Amino acid sequence: MRTSRIAVTAAAVVAGLTLSACGGDDGTTNAGSAASSSPSSAPAEEQTESAPAEQPEGESSGAGSQEGTPDQGSAGQGSGGTGTKPERCHTDDLTITASDATIGGDETKTVAVKLLNKSDRACSIKGFAGVNLLSSEGAIPAARRDQTDDGTVLKSGEPTYFGIFYKANESGGSGVKIKGLVVTPPDEKKSVTLKWPGEPSLPVTDSPDPSVEIGPMGSVGQGQG
């Protein structure tokens with residue numbers, strides 16, 4: 001009987017241990033189930049990963065619209081360029097003549113040079129012409145007066161004038177004889193040679209002051225020559 005009780009007790013202990021092991025397995029299974037259910041957040045992670053793939057597409061379309069904006073701006077500037085100042089007057093656009101424009105008994109003599117726009121378009125002219133008097137002593141370059149010029153737009157058929165200022169020879173001697181006049185419009189290289197319409201000679205002088213001066217475009221009044 002004692003032996004039977006020991007056997008029953010041992011069987012009960014083994015049964016208890018078996019039930020505890022099953023409970024631990026259930027806990028492990030539940031934990032595994034919880035872990036396996038956590039991937040339910042995976043769709044959110046997939047959306048996060050897909051967002052960067054969509055972002056470059058958005059950036060690309062945005063950059064395209066930005067690139068289009070400067071093009072439109074350039075087009076606007078181009079269309080605005082139609083209102084800019086006309087091209088400068090070239091020598092071949094102009095009919096250039098010279099005439100005496102001295103008033104009364106002025107000590108300083110004046111020759112007016114007329115530049116007429118003979119082209120069929122408007123052109124702009126500004127600054128000083130190049131002027132040389134051809135003389136018996138060689139070319140005499142004209143010095144520029146201290147004057148400014150804002151520029152002029154000449155319509156087709158419209159003239160402008162500038163003045164050549166000099167002192168006449170009143171010494172009684174032959175002086176420096178003037179044979180002609182060479183005029184080069186502003187910013188041009190091509191010149192025209194004209195007959196000199198002023199006094200036939202300039203005084204011989206050792207003065208450092210220039211014997212011939214010129215003004216800028218518009219430095220003598222229209223209606224001359």
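How many salt bridges does a search of the whole structure find? The search turns up 5 of them, and the close-ups below visit some of these pairs in this predicted model, along with a disulfide.

**Figure 1. Cys89 and Cys123 are joined by a disulfide.** Let's start with the cysteines. A disulfide is a covalent bond between the sulfur atoms of two cysteines. Searching the whole structure gives 1 disulfide, and here the sulfur atoms of Cys89 and Cys123 sit 2.0 Å apart. Look at the twist: the torsion about the S-S bond is about 90°, so this disulfide is right-handed. The two cysteines come from distant parts of the chain, 34 residues apart. Cys89 is in the loop between α2 (42–80) and β1 (94–100), while Cys123 belongs to strand β3 (residues 123–125). Are these two buried or exposed? Cys89 has a relative accessible area of 1%, so it counts as buried, and Cys123, at 0%, is buried too.

**Figure 2. Lys190 and Asp92 pair up in a salt bridge.** Side chains of opposite charge can pair when their charged atoms come close. In this close-up, the N to O distance between Lys190 and Asp92 is 2.7 Å. Lys190 sits in the loop between β9 (176–184) and β10 (192–194), and Asp92 in the loop between α2 and β1, so the salt bridge ties together parts that are 98 residues apart in sequence. As for Lys190, its relative accessible area is 46%, which makes it partly exposed.

**Figure 3. Arg121 and Asp93 form a salt bridge.** Their side chains meet with an N to O distance of 2.7 Å. Which parts of the chain does this pair link? Arg121 is in the loop between β2 (108–117) and β3, Asp93 is in the loop between α2 and β1, and 28 residues separate them. The partners have their own surroundings: Arg121 is partly exposed at 26% relative accessible area, whereas Asp93 is buried at 11%.

**Figure 4. Glu107 and Lys167 meet in a salt bridge.** Here the N to O distance is 3.6 Å. Glu107 lies in the loop between β1 and β2, and Lys167 is part of strand β8 (residues 159–167). That makes this another link between distant parts of the chain, with the partners 60 residues apart. How exposed is each one? Glu107 has 60% relative accessibility, so it counts as exposed, and Lys167, at 42%, is partly exposed.

How values were computed. Residues are numbered from 1 along each chain as its sequence is written. This is a predicted model: local features need pLDDT of at least 70, side-chain atom pairs count only at pLDDT 80 or more; totals for chains, interfaces and linings use all residues. Side-chain values use heavy atoms; hydrogens and water are left out. A disulfide is a pair of cysteine sulfur atoms within 2.5 Å. Helices (H or I, at least four residues) and strands (E, at least two) are DSSP runs, numbered from the N terminus. Buried means under 20% relative accessible area, exposed over 50%, partly exposed in between (1.4 Å probe, protein chains only). A salt bridge is a side-chain nitrogen of Lys or Arg within 4 Å of a carboxyl oxygen of Asp or Glu.
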